[in-house]
Amino acid sequence: MSTIELIIMETTSNIMILLLLALLLPVTALCATAATDRDTVETWEGSLRLFGNEPFTRIALVTDSGERWYLDMDEQELQQLWQQRRGRIRITGVPVIEEYAGREEHVIKVIKYSWIPEEK
């Protein structure tokens, strides 16, 4: 191979490496941002309410300030939670805004919950 061919090959490989890096950096930054949002854990208190009409009902936590947070958790565990409801509940999870039926809704990806004992 001639010197010119070697220079062209080296330049081409350097350009390809730069293009690859240019593509990977925004994707990496986007993933890092999404991971940070998913790592936000919060705790809410309120009572459970059922919204919607059968067969499209959804269970939500309604806070004292009237905020509605739909619960995202294992369906069987969610049904047990609804059947065992007894007053106020504390729910810890990751807040997410999801689109449902064309509108944005607040959702909690539930990590844990506990019933708040009644004060006597």
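In this predicted model, Thr 63 is a good place to start looking. Thr 63 belongs to strand 2, and with a relative accessibility of 10% it counts as buried, because the cut-off for burial is under 20% relative accessible area. The side chain of Thr 63 is joined to that of Ser 65 by a polar contact of 3.1 Å. Beyond its neighbours within four places in sequence, Thr 63 is in contact with Trp 44, Glu 45, Gly 46 and Trp 69.

It helps to place this residue within the chain as a whole. The chain holds two helices and five strands, and, read from the N terminus, its elements follow the order α-β-β-β-α-β-β. Of the 120 residues in the chain, 23% are buried. Among contacts between residues at least 6 apart in sequence, 50% join residues at least 24 apart.

A pair of residues from strands 1 and 4 illustrates such contacts. Thr 92 is part of strand 4 and is buried, its relative accessible area being 12%. A polar contact of 2.9 Å links the side chain of Thr 92 to that of Thr 43. Leaving out residues up to four places away in sequence, Thr 92 touches Val 41, Glu 42, Thr 43, Val 110, Ile 111 and Lys 112. One of these, Glu 42, lies in strand 1 and counts as partly exposed, at 35% relative accessibility. Besides Thr 92, the residues that Glu 42 touches include Ile 91, Gly 93 and Pro 95, again not counting residues up to four places away in sequence. Glu 42 and Val 94 are separated by 52 residues in sequence, yet their C-alpha atoms are 6.2 Å apart in space.

The loop between strand 1 and strand 2 has a feature of its own. Pro 55 is found in this loop, and the peptide bond leading from Glu 54 to Pro 55 is cis, with omega near 5°.

Attention now turns to helix 2, where Leu 78, Leu 81 and Trp 82 are buried. Viewed down the axis of helix 2, these buried residues fall within an arc of 100°, so they line one face of the helix. The spacing fits a general rule: an α-helix has 3.6 residues a turn, so residues three or four places apart point the same way. On the other side of helix 2, Gln 76 and Gln 83 are exposed. The cover over the buried residues of helix 2 includes strand 1, strand 2, strand 3, strand 4 and strand 5.

Helix 2 also takes part in the largest pocket, which has a volume of about 160 Å³. The lining of this pocket consists of Leu 50, Thr 57, Arg 58, Ile 59, Tyr 70, Leu 71, Glu 75, Leu 78, Gln 79 and Trp 82. Strand 2, strand 3 and helix 2 are the elements that give two or more residues to this lining. With four residues, helix 2 gives the most. By residue type, the lining divides into six nonpolar, two polar and two charged residues. Leu 78 and Trp 82 thus appear in two settings, as residues of the pocket lining and as buried residues of helix 2.

Conventions: Residues are numbered from 1 along each chain as its sequence is written. This is a predicted model: local features need pLDDT of at least 70, side-chain atom pairs count only at pLDDT 80 or more; totals for chains, interfaces and linings use all residues. Side-chain values use heavy atoms; hydrogens and water are left out. On a 1 Å grid over the protein atoms alone, a cavity is a set of points where a 1.4 Å probe fits but cannot get out, and a pocket is an open set with protein on both sides within 12 Å along at least five of seven lines; lining residues have an atom within 4 Å of a point. Grid points are joined across faces, edges and corners, and a volume is the space filled by probe spheres set on the points. Ala, Val, Leu, Ile, Met, Phe, Trp, Tyr, Cys and Pro count as nonpolar, Asp, Glu, Lys and Arg as charged, and the others, Gly among them, as polar. Buried means under 20% relative accessible area, exposed over 50%, partly exposed in between (1.4 Å probe, protein chains only). A polar contact is a pair of N or O atoms within 3.5 Å; within protein, one must be able to donate a hydrogen and the other to accept it, and residues adjacent in sequence count only if both atoms are side-chain atoms. Contact means heavy atoms within 4.5 Å. The arc is that of the directions from the helix axis to the C-beta atoms.
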